[in-house]
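Good morning, colleagues. Please have the sequence and the model open in front of you while I speak.

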Amino acid sequence: MNESSKMESFELLCDHKEKFRDEIEFIWRFARAYGDMFELSTNAQEKKHYANIGKTLGEKAITRAPMNGHCHLWYAVLCGYVSEFEGLQNKINYGYRFKEHLDKAIEFLPEEPFLYYLKGRYCYTVS
């Protein structure tokens, strides 16, 4: 997806958040859209805002659907984004959380290549 498509998708999800707020498939996609907006933003405050809201949505998704790999995937990604604005101790804590949920996502979605890419990046960063 290009930048304008991501923004359009985010706006569409925002327009329907009340109608579908309890649907798991909607929640994880909305969390992902916040991740997309984090990537598109150049302002640090906006990035932090998108990361925090997305992480909260991700928490909601994994609480309601603990066996859904997409929920764990995007929660992990958003934890990584949030960690960029934290001190060292919280970065470490978010790193553990990232790995925990990434491993769960791999368990539920073993054929998703993006997960292995993220795991490789994680391992490289930690080493």
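The largest pocket holds about 680 Å³ of space. Please bear in mind throughout that this is a predicted model. Which elements give two or more residues to the lining of that pocket? They are helix 2, residues 24-40; helix 4, residues 69-83; helix 5, residues 88-108; and helix 6, residues 113-126. The lining comprises 25 residues in total. Those lying nearest the centre of the pocket are Gly80, Tyr81, Phe98, Leu118 and Arg121. Helix 6 gives the most to this lining, namely 7 residues. Sorted by class, the lining has 14 nonpolar residues, 4 polar residues and 7 charged residues.

Let me take one of these lining elements, helix 4, in more detail. Of its 15 residues, 13 are buried, and helix 4 is thus mostly covered. How does the span of helix 4 compare with the value expected at 1.5 Å a residue? The 15 residues should span 21 Å, and the C-alpha atoms at the two ends are 21 Å apart, so expectation and model agree. At the N-terminal end, helix 4 is capped by Asn68. A side-chain oxygen of Asn68 lies 2.8 Å from the backbone nitrogen of His70.

I turn now to charged pairs. In general, side chains of opposite charge can pair when their charged atoms come close. How many salt bridges does a search of the whole structure find? The search finds 8, and I shall discuss three examples.

The first example joins Glu18 to Arg21, with 2.7 Å between the closest N and O atoms. Glu18 counts as exposed because its relative accessibility is 53%, and the threshold for that class is over 50%. Arg21, at 43%, counts as partly exposed.

The next two examples belong to helix 5. Lys99 and Asp103 meet through their side chains in a salt bridge, at 2.6 Å from N to O. These two residues are 4 positions apart in helix 5, so about one helical turn separates Lys99 from Asp103. Lys99 is partly exposed at 28% relative accessibility, and Asp103 is likewise partly exposed, with a relative accessible area of 28%.

The other pair is Glu100 with Lys104, whose closest N and O atoms are 3.5 Å apart. Here too the partners are 4 residues apart in helix 5, and therefore about one helical turn lies between Glu100 and Lys104. Glu100 is partly exposed at 39% relative accessibility, as is Lys104 at 31%. Salt bridges with shared partners also join Lys99, Asp103 and Lys119 into one network.

Finally, I draw your attention to Ser41. This residue is found in the loop between helix 2 and helix 3, the latter covering residues 44-64. Is Ser41 buried or exposed? Ser41 is buried, because its relative accessible area is 8% and the buried class lies under 20%. What does the side chain of Ser41 contact? It makes a polar contact with the side chain of Glu46, at 2.9 Å. In addition, a polar atom of the Ser41 side chain lies 3.3 Å from the backbone nitrogen of Asn43.

To recapitulate, I have described a pocket of about 680 Å³, a helix 4 that is mostly covered, salt bridges that include two pairs within helix 5, and a buried serine, Ser41, in a loop. Thank you for your attention.

Definitions and conventions. Residues are numbered from 1 along each chain as its sequence is written. This is a predicted model: local features need pLDDT of at least 70, side-chain atom pairs count only at pLDDT 80 or more; totals for chains, interfaces and linings use all residues. Side-chain values use heavy atoms; hydrogens and water are left out. On a 1 Å grid over the protein atoms alone, a cavity is a set of points where a 1.4 Å probe fits but cannot get out, and a pocket is an open set with protein on both sides within 12 Å along at least five of seven lines; lining residues have an atom within 4 Å of a point. Grid points are joined across faces, edges and corners, and a volume is the space filled by probe spheres set on the points. Ala, Val, Leu, Ile, Met, Phe, Trp, Tyr, Cys and Pro count as nonpolar, Asp, Glu, Lys and Arg as charged, and the others, Gly among them, as polar. The expected span of a helix is 1.5 Å times one less than its number of residues. Buried means under 20% relative accessible area, exposed over 50%, partly exposed in between (1.4 Å probe, protein chains only). A polar contact is a pair of N or O atoms within 3.5 Å; within protein, one must be able to donate a hydrogen and the other to accept it, and residues adjacent in sequence count only if both atoms are side-chain atoms. A salt bridge is a side-chain nitrogen of Lys or Arg within 4 Å of a carboxyl oxygen of Asp or Glu.
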